[in-house]
Amino acid sequence: MKHQLGYQCRNGYAAKGALLAAAFVLAGCAAQQSAQQSTQQPAGAQDRAAVVAAMDKVNGYWQKTTPATEWPFWNVAAYHTGNLEAYKITKNAAYLRYTQDWAEHNKWMGAKSTDRSTWKYTYGETDDHVLFGDWQTCFQVYADLYRMQPDPVKIARAREVMEYQMSTPNDDYWWWSDGLYMAMPVMTRMYSITGNKQYLAKMHEYFTHSRKIMYDEDAKLFYRDARYVYPKHKSVNGSKDFWSRGVGWVFAALPRVLDDLPKDDPHRAEYEQVFRDMAASLKKAQQADGYWTRSLLDPAHAPGPETSGTAFFTYGFLWGINNGLLDKADYLPTAQKGWAYLTTTAVQEDGRLGYVQPIGDRAIPGQVVDRNSTAHFGVGAFLLAGAEMVRLIDGATAKGVN
């Protein structure tokens, strides 16, 4: 037996006994077999494992250190938009349960006022700001959970609020760039569930108003809101001041809208063109180390890396490539550099996602943003980017492309 095994594997071990020799040789054979199997894995398999591992590291840390029983305001809800995308990729039941627990804790509601005469859409963190988009972000999460397992209770409040809003003549509900991420995907998700085309018509009305007051037709980027439009507002060096995360909200909103928007929607081409134009501008603004600074066109205004904007941009580029809106040869290097920054600089050893600018509305000179700076929405954006990176790898693997 000893000689036969030695012949099969060419192990060269000096055996002291038949059983010891067999153990060594069988171990050598197993190692050879494992190596052969690893070389036979589909192209990109190891990359996929690395991406999923990074997502699990960041999301595992977040869920261990953050209770699911938090309020349904935008900052928390934005995390859950990314967590559900992570679940779709990983099929980790703990991720789904975490978001379900959060939704149930909040009774499938945002702001909870039932007196419509008091409903507001100015900025506000109280229960009467029902029409303020930051309180509506949760509805897109509830809609996603509904689509996984339909139950009218999950979208009852969303329908009540959004259909009341659409019954008003107002078109200025999305008066800040963040609002496009918070509420636009709600409209397309509710259309996909109900078939009510008013959601799509009103979405375009609201978007048109947002574009009129915040979009710079030359730079092809959105200001955070009307207060920051050039030349009324300038960076410290006199440039147009486009806030990274504010632009990121819009660049990430459009993919989430286009995922559900009918191919024959009369305004689809407009949304796609805005997305492509933004992509071209953002590509130019990326720093050599893969990140984007807080003021996109004036890096010296608030220098250093910022993770939330970078993650949203990386997600958008990857989505655009995966869905044929962006040329892979032109944009993949940009996305890869963004992902490299996220996984090698932003992700800390314990899984904390660092360099996330705190809640705010602009790039602030001198503000400290370091490896300890983290937030719900930054983690959500990272998970969105990771999910799209996995989809890119899966698509390449399916086509047999390295």
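Here are four short exercises, with worked solutions, on the predicted model shown above.

**Exercise 1. Two helices that pack**

Task: Find out how helix α13 is placed against helix α14, and which residues meet there.

Solution:
- Start with the geometry. Helix α13 covers residues 328-346 and helix α14 covers residues 376-398; their axes are 11 Å apart, at an angle of about 130 degrees.
- Now name that arrangement. Angles over 145 degrees count as roughly antiparallel and 65 to 115 as roughly perpendicular, and the rest as oblique once the roughly parallel ones, under 35, are set aside. So α13 is oblique to α14.
- Add the handedness: the crossing of α13 past α14 is left-handed.
- Next, look at the side of α13, where Lys328, Leu332, Trp339, Leu342 and Thr343 make the contact. Their partners in α14 are Phe382, Ala385, Gly386, Met389 and Leu392.
- Finally, sort these residues by class: seven are nonpolar, two polar and one charged.

**Exercise 2. A pair of tryptophans**

Task: Classify the aromatic pair of Trp74 and Trp249, and say what it ties together.

Solution:
- For the setting, note that the structure holds 35 aromatic pairs.
- Check the distance and the angle. The ring centres of Trp74 and Trp249 are 5.9 Å apart, and the planes stand at 80 degrees.
- Apply the cut-off: planes over 60 degrees apart count as edge-to-face, so this pair is edge-to-face.
- Locate the two residues. Trp74 belongs to helix α4 (residues 74-90) and Trp249 to helix α10 (residues 244-258), so the pair joins parts 175 residues apart in sequence.
- Last, check exposure: Trp74 and Trp249 are both buried.

**Exercise 3. A second pair**

Task: Do the same for Trp102 and Tyr142.

Solution:
- The centres of these two rings are 5.7 Å apart, with 45 degrees between the planes, and the pair is tilted.
- Trp102 sits in helix α5 (residues 93-105) and Tyr142 in helix α6 (residues 137-148), so to speak two distant parts of the chain, 40 residues apart, are linked.
- Both Trp102 and Tyr142 are buried.

**Exercise 4. A histidine in a loop**

Task: Is His301 buried or exposed, and which residues does it touch?

Solution:
- First find His301: it is in the loop between α11 (268-285) and α12 (307-322).
- Then compare its relative accessible area, 6%, with the cut-off. Buried means under 20%, so His301 is buried.
- Leaving out residues up to four places away in sequence, His301 touches Ser235, Val236, Asn237, Asp241, Ser295, Ala363 and Pro365.

Notes
Residues are numbered from 1 along each chain as its sequence is written. This is a predicted model: local features need pLDDT of at least 70, side-chain atom pairs count only at pLDDT 80 or more; totals for chains, interfaces and linings use all residues. Side-chain values use heavy atoms; hydrogens and water are left out. Axes are lines fitted to C-alpha atoms, for helices over the stretch in contact, and angles run from 0 to 180 degrees between N-to-C directions. Helices (H or I, at least four residues) and strands (E, at least two) are DSSP runs, numbered from the N terminus. A crossing is left-handed if the near helix is turned anticlockwise from the far one by less than a right angle, and right-handed if clockwise. Contact means heavy atoms within 4.5 Å. Ala, Val, Leu, Ile, Met, Phe, Trp, Tyr, Cys and Pro count as nonpolar, Asp, Glu, Lys and Arg as charged, and the others, Gly among them, as polar. Rings of Phe, Tyr and Trp (its six-membered ring) pair if their centres lie within 6.5 Å; planes under 30 degrees apart count as stacked, over 60 as edge-to-face and the rest as tilted. Buried means under 20% relative accessible area, exposed over 50%, partly exposed in between (1.4 Å probe, protein chains only).
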